[in-house]
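Biologist: I'd like a close look at one part of this model, the spots where helices cross each other. Please take it slowly, and then wander out to whatever is worth seeing around them.

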Amino acid sequence: MAQVTFREALRQAIDEEMQRDETVFLIGEEVAQYHGAYKVSQGLLEKYGSKRVIDTPISEEGFTGIGIGAAMVGLRPIVEWMTFNFSLQALDQIYNNAAKMRHMSGGQFKIPAVFRGPNGPAEFLSSQHSQALQSIYCHCPGLKVMAPSNPADAKGMLKTAIRDDNPVLFLESELMYNWKGEIKSSESLIPFGEANVVREGEDVTILAFSKPVRLALEAAEELAKEGLETEVIDLRSLRPVDEQAIYTSVKKTNRCVVLDEAWPYASVGSHLCYLVSSNCFDFLDSPVELVCSEDVPVPYNHRLELAVLPSVRKTVQAAKKSAYMV
């Protein structure tokens, strides 16, 4: 087992898939000569050349459309957005072309494309660069959405995404690129729709994905000091989502807290609350709690920013509320 950063795990996944399959290529702003905005593509230009590691102008709709067109003729593009905030410029391409083409062509066209980059708030980036946009992409049928929380998952899930014949949105986070973790030396693919129980407990379930999984684990440590044993589920895949793993855990603990960095209205978090409430109603001892961003644009001021976003304190309070401890 080797210790690598989240960034290096992504780079290894792309490198190994480009080596395995010559139809895989990388395209986006600064992915070649600058090695990517967060250095995920370090060294790939030198290894694979400018026909497979392609720098583009600042034009998300343009190079996203090029990726979709390349996928339609049999290539496997990895489209890097500097941030999912910029992906809004390419939303028409994703919604109306990537997601629908296989359906509208009667299955004649596959779209084996991955759209990846940082999603969600980081620090000091203000409202236009701090948005968690997973609900937009989970909303649209025809798209798959993955959100890893550690380097091992990042590598295994990205390799799965690259090999899939459908468009995949791959959500990372700016604060995660330097996180370290162990990865196996042998190949380990993680399928869609397979959640991971990262901490077992009997008293309350916390559902989380991506960066907030670490928040959930820190909250679980705090709750254990007060005698509340928390089960933490890392969803990993948001569409499809592993409903069975969620229901199995909630039926064991009888309480549930959902943790999501997005706004509360029509979010992935609110959908998870609906799923648990609808399918585990007879097993619940208290209402499902949702810990999410406040329903306002994220402020630049750091104290206000921290007040708006989910936190360990808010998660602990929600878990204790579900257990009638506050």
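Modeller: Let's begin with the word we need for crossings: a crossing is right-handed if the near helix is turned clockwise from the far one by less than a right angle, and left-handed if it is turned anticlockwise. Keep in mind that what you see is a predicted model.

Now find helix H1, residues 6-20, and helix H8, residues 151-163. Their axes come within 8 Å and cross at roughly 30 degrees. Angles under 35 degrees count as roughly parallel, so H1 and H8 get that label. Their crossing is right-handed. Who does the touching? On the H1 side you'll find Phe6, Ala9, Leu10, Gln12, Ala13, Ile14, Glu16, Glu17 and Arg20, and on the H8 side Pro151, Ala154, Lys155, Leu158, Lys159, Ile162 and Arg163. Sort the residues of this H1–H8 contact by class and you get nine nonpolar, six charged and one polar.

Next, try a second pair: helix H9, residues 212-225, and helix H13, residues 312-322. These two pack at about 55 degrees, with their axes 9 Å apart. An angle of that kind falls outside the parallel, antiparallel and perpendicular ranges, so H9 and H13 are called oblique to each other. The crossing of H9 and H13 is right-handed. From H9 come Leu215, Glu218, Ala219, Glu222 and Leu223, and they meet Val312, Thr315, Val316, Ala319 and Lys320 from H13. The residues in this H9–H13 contact split into six nonpolar, three charged and one polar.

While you're on H13, look for Ser322, which lies in that helix. Is Ser322 buried or exposed? Its relative accessible area is 0%, so Ser322 is buried. Leaving out residues up to four places away in sequence, Ser322 touches Val204, Arg255, Val257, Ser286 and Glu289.

From there, hop over to strand E10, residues 204-208, where Ala208 sits. Ala208 is buried too, because its relative accessibility is 0%. Beyond its neighbours within four places in sequence, Ala208 is in contact with Val213, Ala216, Ile233, Asp234, Leu235 and Leu259. Compare that with Asp153: Ala208 and Asp153 are 55 residues apart along the chain, and their C-alpha atoms are separated by 14 Å.

Asn96 makes a nice contrast in burial. You'll find Asn96 in helix H5, residues 91-98, and at 39% relative accessible area it counts as partly exposed. Asn96 and Asp165 are 69 residues apart in sequence, with 17 Å between their C-alpha atoms.

What about the cysteines? A disulfide is a covalent bond between the sulfur atoms of two cysteines. Here the cut-off is sulfur atoms within 2.5 Å. Take Cys256: the closest cysteine sulfur belongs to Cys273, 6.8 Å away, so that pair is too far apart for a bond. For Cys280, the closest cysteine sulfur is in Cys256, at 7.8 Å, so no bond there either. The count by this rule is zero disulfides. Both of these cysteines are tucked away, by the way: Cys256 is buried at 0% relative accessible area, and Cys280 is buried at 0% as well.

Last stop, the backbone oddities. Most residues other than glycine have a negative phi, and most peptide bonds are trans. Ser126, though, has a positive phi of about 65 degrees. Look for Ser126 in the loop between strand E5 (114-118) and helix H7 (134-138), where it is partly exposed at 26%. Ala266 also has a positive phi, of about 55 degrees. The loop that holds Ala266 runs between strand E13 (256-259) and helix H11 (268-279), and Ala266 counts as exposed at 59% relative accessibility. Finally, the peptide bond from Arg239 to Pro240 is cis, with omega near 5 degrees. You can spot Pro240 in the loop between strand E12 (237-239) and helix H10 (243-253).

Terms used. Residues are numbered from 1 along each chain as its sequence is written. This is a predicted model: local features need pLDDT of at least 70, side-chain atom pairs count only at pLDDT 80 or more; totals for chains, interfaces and linings use all residues. Side-chain values use heavy atoms; hydrogens and water are left out. Buried means under 20% relative accessible area, exposed over 50%, partly exposed in between (1.4 Å probe, protein chains only). Axes are lines fitted to C-alpha atoms, for helices over the stretch in contact, and angles run from 0 to 180 degrees between N-to-C directions. Helices (H or I, at least four residues) and strands (E, at least two) are DSSP runs, numbered from the N terminus. Angles under 35 degrees count as roughly parallel, over 145 as roughly antiparallel, 65 to 115 as roughly perpendicular and the rest as oblique. Contact means heavy atoms within 4.5 Å. Ala, Val, Leu, Ile, Met, Phe, Trp, Tyr, Cys and Pro count as nonpolar, Asp, Glu, Lys and Arg as charged, and the others, Gly among them, as polar.
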